[in-house]
Amino acid sequence: MGVRPVDRETGWRPAMTMFSPPVRAVSPSDPEAVADRLLDASSRRSYDSAVDIDWDAPQDPDVFYLPVEFVSLYGTPMWESMTHRQRVELSRQEVANLLSRGVWFENTLNQGLLRTMLYQDPSAREVHYALTEIGDETRHMIMFGRGAAAVGAQPYRLSTLEARVVQWMPVAYRGVMLWVAALCGEEILDDLQRKAAHDPAIQPIVAQMFRIHTAEEARHIRYAREGVLRRLERSSRWERFVVGQTNGIAGFVLRRIMYNEEVYRRTGLDPKEAMRQARANEQVNALRREAFQSLYRFMTDNGLMGSIAQRMWRHYGFLE
Ligand SMILES: [Fe+2]
Ligand SMILES: [Fe+2]
């Protein structure tokens, strides 16, 4: 495979080179101009994990797969009783769990974008950007799936029942809800990945995946925030009320993504007791709340944080 020029910002080689339209001065509320700008950014900075990750790099068995303070049992009595290798194993299983669940979550977002597109003008730049984002996400899904195998873990697959429930999620992603769902998944997990991406103490293969992911997700988050603002301009009071009260369901989904009994079982721990201690772990809960802060402010500023939603986010550990 030919060698591509190195990106000066990241030191990596961009995966794709497409025609870059000239950037024009834009107002954020002009969807075509925003899409134009994001298309330009996509053409300049996109990655392909097949060539941008060194999948065969050696993995030191004593090095953590996540920043240690993000490991769910960090600092608990159970953590104190674990050997170093067992702690490393827990971090490996937790990263495999996150990557596996990232695959189905991105699957639902892609479906949401594709369904919305049925009602849109195929010549619009906005649609072209949505298609580009779907392309980013399909590459991420490959990267995550390959990543779970590369760290030496079995992927965490959905049960048939879970898959049946998850397949209905994209049906609910309509109007403002599509963009809010995207933000809930992308922004909260982005915070963790951003910290991990630049942590020299974790396995390089994981840091590489997170660097690629955060670089491309920055565009998606920007687009989703613009999407919320744009949709709010023409949404009904009823739609704003429903989205504002029900978005706390995302707190439930994220909680399910982050804690998985099977992770503890595979690490050789008592799954029920590990789950109990992990959920009660105030150190890690504080990081979750911190990760939610920016999105919470954005949603509050835009009248999308109703009392029921706030109660749910608090119940699932994302608000104090
Ligand atoms: Fe992604
Ligand atoms: Fe994304």
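Trainee: Okay, which residues are the protein donors of the iron ion (ligand 2)?
Mentor: Glu137 (OE), Glu186 (OE), Glu217 (OE), Glu217 (OE) and His220 (ND1), at 2.0 to 2.4 Å from the ion. Donors here are N, O and S atoms within 2.8 Å of the metal (3.2 Å for Na, K and Ca), and water is not among the atoms, so sites may look incomplete. Keep in mind that this is a predicted model, where local features need pLDDT of at least 70 and side-chain atom pairs pLDDT 80 or more, while totals for chains, interfaces and linings use all residues. Residues are numbered from 1 along each chain as its sequence is written, chains are lettered from A and ligands numbered from 1 in the order written, and side-chain values use heavy atoms, leaving out hydrogens and water.

Trainee: How are those donor residues spaced in sequence?
Mentor: For the iron ion (ligand 2), the pattern reads E-x48-E-x30-E-x2-H.

Trainee: And where do glutamate 217 and histidine 220 lie?
Mentor: Both lie in helix α9, three residues apart, which is about one turn of the helix. Helices are DSSP runs (H or I, at least four residues), numbered from the N terminus along with strands (E, at least two).

Trainee: Are glutamate 217 and histidine 220 buried or exposed?
Mentor: Both are buried. Buried is under 20% relative accessible area, exposed is over 50%, and partly exposed is in between (1.4 Å probe, protein chains only).

Trainee: How far apart are the iron ion (ligand 2) and the iron ion (ligand 1), and which residue coordinates both?
Mentor: They're 3.6 Å apart, with glutamate 137 coordinating both.

Trainee: Which protein donors does the iron ion (ligand 1) have?
Mentor: Glu106 (OE), Glu137 (OE), His140 (ND1), His213 (NE2) and Glu217 (OE), lying 2.0 to 2.3 Å from the ion. Written as a sequence pattern, the donor residues of the iron ion (ligand 1) go E-x30-E-x2-H-x72-H-x3-E. One pair links distant parts of the chain: glutamate 106 sits in helix α4 (residues 84–117) and histidine 213 in helix α9 (residues 204–233), 107 residues apart. Glutamate 106 and histidine 213 are both buried.

Trainee: Switching to empty space. How many cavities of 30 Å³ or more are there?
Mentor: Seven. The search uses a 1 Å grid over the protein atoms alone: a cavity is a set of points where a 1.4 Å probe fits but cannot get out, a pocket is an open set with protein on both sides within 12 Å along at least five of seven lines, and lining residues have an atom within 4 Å of a point.

Trainee: How much space lies in the largest cavity?
Mentor: About 230 Å³. Points are joined across faces, edges and corners, and a volume is the space filled by probe spheres set on them. The largest cavity has 17 lining residues, and the closest to its centre are Gly102, Phe144, Leu189, Gln193 and His213. That brings back His213, one of the donors of the iron ion (ligand 1). The elements giving two or more residues to the lining of the largest cavity are α4, α8 (176–197) and α9.

Trainee: What about the second largest cavity, which residues line that?
Mentor: Leu66, Phe70, Ser72, Glu94, Asn97, Leu98, Leu192, Met258 and Arg288. The space in the second largest cavity is about 100 Å³, and α4 gives the most to its lining, with three residues.

Trainee: And the volume of the largest pocket? What is it?
Mentor: About 580 Å³. Of the 23 residues lining the largest pocket, Met169, Ile249, Ala250, Phe252 and Val253 are the closest to its centre. Helix α11 (249–258) is among the elements giving two or more residues to that lining, and α11 has the largest share, six residues.

Trainee: Which residues lie nearest the centre of the second largest pocket?
Mentor: Thr116, Tyr119, Arg174, Gly175 and Arg231, out of 18 lining residues. The second largest pocket holds about 460 Å³ of space. The largest share of its lining, three residues, comes from α9.

Trainee: Last topic, rings. How many aromatic pairs does a search of the whole structure find?
Mentor: It finds 10. Rings of Phe, Tyr and Trp (its six-membered ring) pair if their centres lie within 6.5 Å; planes under 30 degrees apart are stacked, over 60 edge-to-face, the rest tilted. Tyrosine 74 and tryptophan 79 pair edge-to-face, 5.6 Å centre to centre with 80° between the planes. Tyrosine 74 is partly exposed at 25% relative accessibility, whereas tryptophan 79 is buried at 4%.

Trainee: Which residues do ring pairs link into a cluster?
Mentor: Phe292, Tyr296, Trp313 and Phe318.
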